Amino acid sequence: VSSLRVVGGTEAMYGSHPWLVSLQNRGSHFCGGSILSDCWIMTAAHCFTSLSGVRVLVGEFDQRVHDEEEQVFLVKSVSVHEKYNPALPMNYDIALIELNQRIQMGGRLPMVLREVHLDLVDRAKCKYVLQTLKGSMMNQRLVRPQPSMTVLCAGPETGGSDACQGDSGGPLVCPAGSEGHRWVALGVTSWGKGCGRSWGNNSSRPPSKRGSPGIFTDVRLLLPWIKGLCSVRDGPVSDINGVIKNPRLHGDRYDNNRLCLWSISVPPGYSILLEFDLFDLENDSYCRYDRLTVSVGSHRPVIFCGSVLPGPVLLNNSHNATLLFSSDVSRAGSG
């Protein structure tokens, strides 16, 4: 695991992990990620409850100083796996970020502060450990290992080495080939119980004292989804009437766990007028589930949900606007 706050690790050598990025919100690191290509980043789905103020830093080795080869990008779009479920064991905890510009790959791109070496845990033992956590998690969320479980475990039973808060989305990597010079991403850091806490004797402990190995999304199981998404480079398009559509989705229905981002810009002297032809989202007084958020500069965002068609929205004196649509784990509307 290569990230910022790993437990029991050592400081990484400058430039030794050129695939790692830092996701930051208003200057503060909150999650990690891995470079897949010059415009795609792989991270964890649970990192994205909001896109407000998110930047992607490539070449971030030491947060205390500005690194010469540091590159900063804005987020063009985020695709959360449609089967992502926040209930433990947090299946399909993976997301892909499309950057607004291409990464300059030349030179050394230092990424990380610390690294730790973890051994993989046998899959059957991983399932058993997750079962011992049942009823011990916050809010009594149940851990339900399933045959289609998309997570893997890594770390010693005695604890002492682990990922921790702030490491979410970062990669679990391993050397490939006889020379060991090529590295592949095996997992995406997802969660765990007790940073570096032992877990070998969980059954003899009270629930609140039990620990877990590091829990990672198994990238191998999700390669078809990753490859299929990254191969689509066309973003949302507008038809001749200016209606924004997503070419990846047909018709006017949306799926579960969707996160769609659109940026609208007009020349100086013009204003933005938003008109909605169809609005059928899950209804809630606080728009906590499915919602459309319209943001303009530093103004307070406007949030829409429900099935009542909003009237026209005129954004006066605004040259740029951002529309963020998000849906939860259940569908209670059409789009």
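**Exercise 1. Salt bridges**

Task: In this predicted model, find how many salt bridges a search of the whole structure gives, and work out which residues Asp218 joins into one network.

Solution.
Step 1. Start with the total: the search of the whole structure turns up six salt bridges.

Step 2. Now go to Asp218 and look for partners. One of them is Arg123, with the closest N and O atoms 3.9 Å apart. This pair links distant parts of the chain, since Asp218 belongs to strand β13 and Arg123 to helix α1, 95 residues apart. A salt bridge needs a nitrogen to oxygen distance within 4 Å, so the 3.9 Å of this pair qualifies.

Step 3. Another partner is Arg220, whose side chain meets that of Asp218 at 3.1 Å, N to O.

Step 4. Put the two together: through shared partners, the salt bridges join Arg123, Asp218 and Arg220 into one network.

Step 5. Check how covered each member is. Asp218 counts as buried because its relative accessibility is 2%, with the cut-off for buried being under 20%. Arg123 is partly exposed at 34%, and Arg220 is partly exposed as well, at 49%.

**Exercise 2. A pair between two strands**

Task: Which strands does the salt bridge of Glu98 and Lys76 tie together, and is each residue buried or partly exposed?

Solution.
Step 1. Confirm the contact: the side chains of Glu98 and Lys76 come to 3.8 Å, N to O.

Step 2. Place the residues. Glu98 sits in strand β8 (residues 95-99) and Lys76 in strand β7 (residues 71-80), so the bridge ties together parts that are 22 residues apart in sequence.

Step 3. Compare the accessibilities. Glu98 has a relative accessible area of 6% and is therefore buried; Lys76, with 38%, is partly exposed.

**Exercise 3. The sheet around β13**

Task: Work out the strand order of the open sheet that contains β13, and find which helix packs on this sheet.

Solution.
Step 1. Write down the order: this open sheet of four strands runs β10-β13-β12-β11, and its pairing is antiparallel.

Step 2. Find the edges. β10 and β11 (171-176) each pair on one side only, which makes them the edge strands.

Step 3. Add the twist: on average, neighbouring strands of this sheet are turned by 40° against each other, direction ignored.

Step 4. Look at one pairing in detail. Strand β12 (residues 182-191) is joined to β13 by four bridges, and the two run antiparallel. In this region, Thr189 stands opposite Phe216 in β13.

Step 5. Bring in the helix. α1 packs on the sheet and touches β10, β12 and β13, and its direction makes about 95° with that of β10.

**Exercise 4. A covered threonine**

Task: Where does Thr150 lie, and which backbone nitrogen lies 2.7 Å from a polar atom of its side chain?

Solution.
Step 1. Locate the residue: Thr150 is in the loop between α1 (123-132) and β10 (151-154).

Step 2. Judge its cover. With a relative accessibility of 3%, Thr150 counts as buried.

Step 3. Search around the side chain: the backbone nitrogen that lies 2.7 Å from one of its polar atoms is that of Tyr92.

Step 4. List what else touches Thr150. Leaving out residues up to four places away in sequence, its contacts include Asn91, Phe216, Thr217 and Asp218. Seen from the other side, the contacts of Asp218 include Thr150, Val151, Leu152 and Leu186.

**Exercise 5. Two hairpins on β4**

Task: Which strands form hairpins with β4, and how many of its eight residues are buried?

Solution.
Step 1. Take β3 (residues 20-25): it pairs with β4 in the antiparallel sense over six bridges, and Val21 stands opposite Gly33 in β4.

Step 2. Inspect the turn. The hairpin of β3 and β4 has two residues between the strands, and Arg26 takes a positive phi near 55° there.

Step 3. Move on to β5 (residues 40-43), which two bridges join to β4, again running antiparallel. Ile41 in β5 is the bridge partner of Ile35. This hairpin of β4 and β5 has four residues between its strands.

Step 4. Finish with the cover: β4 (residues 28-35) is mostly covered, with six of its eight residues buried.

Conventions. Residues numbered from 1 in each chain as written. Predicted model: local features only at pLDDT ≥ 70, side-chain atom pairs only at ≥ 80, totals over all residues. Heavy atoms only, no water. Buried < 20%, exposed > 50% of the residue type's maximum accessible area, 1.4 Å probe, protein only. Polar contact = N/O pair within 3.5 Å; in protein donor to acceptor, adjacent residues only side chain to side chain. Contact = heavy atoms within 4.5 Å. Pairing = 2+ DSSP bridges. Axes fitted to C-alpha atoms, helices over the stretch in contact; angles between N-to-C directions.
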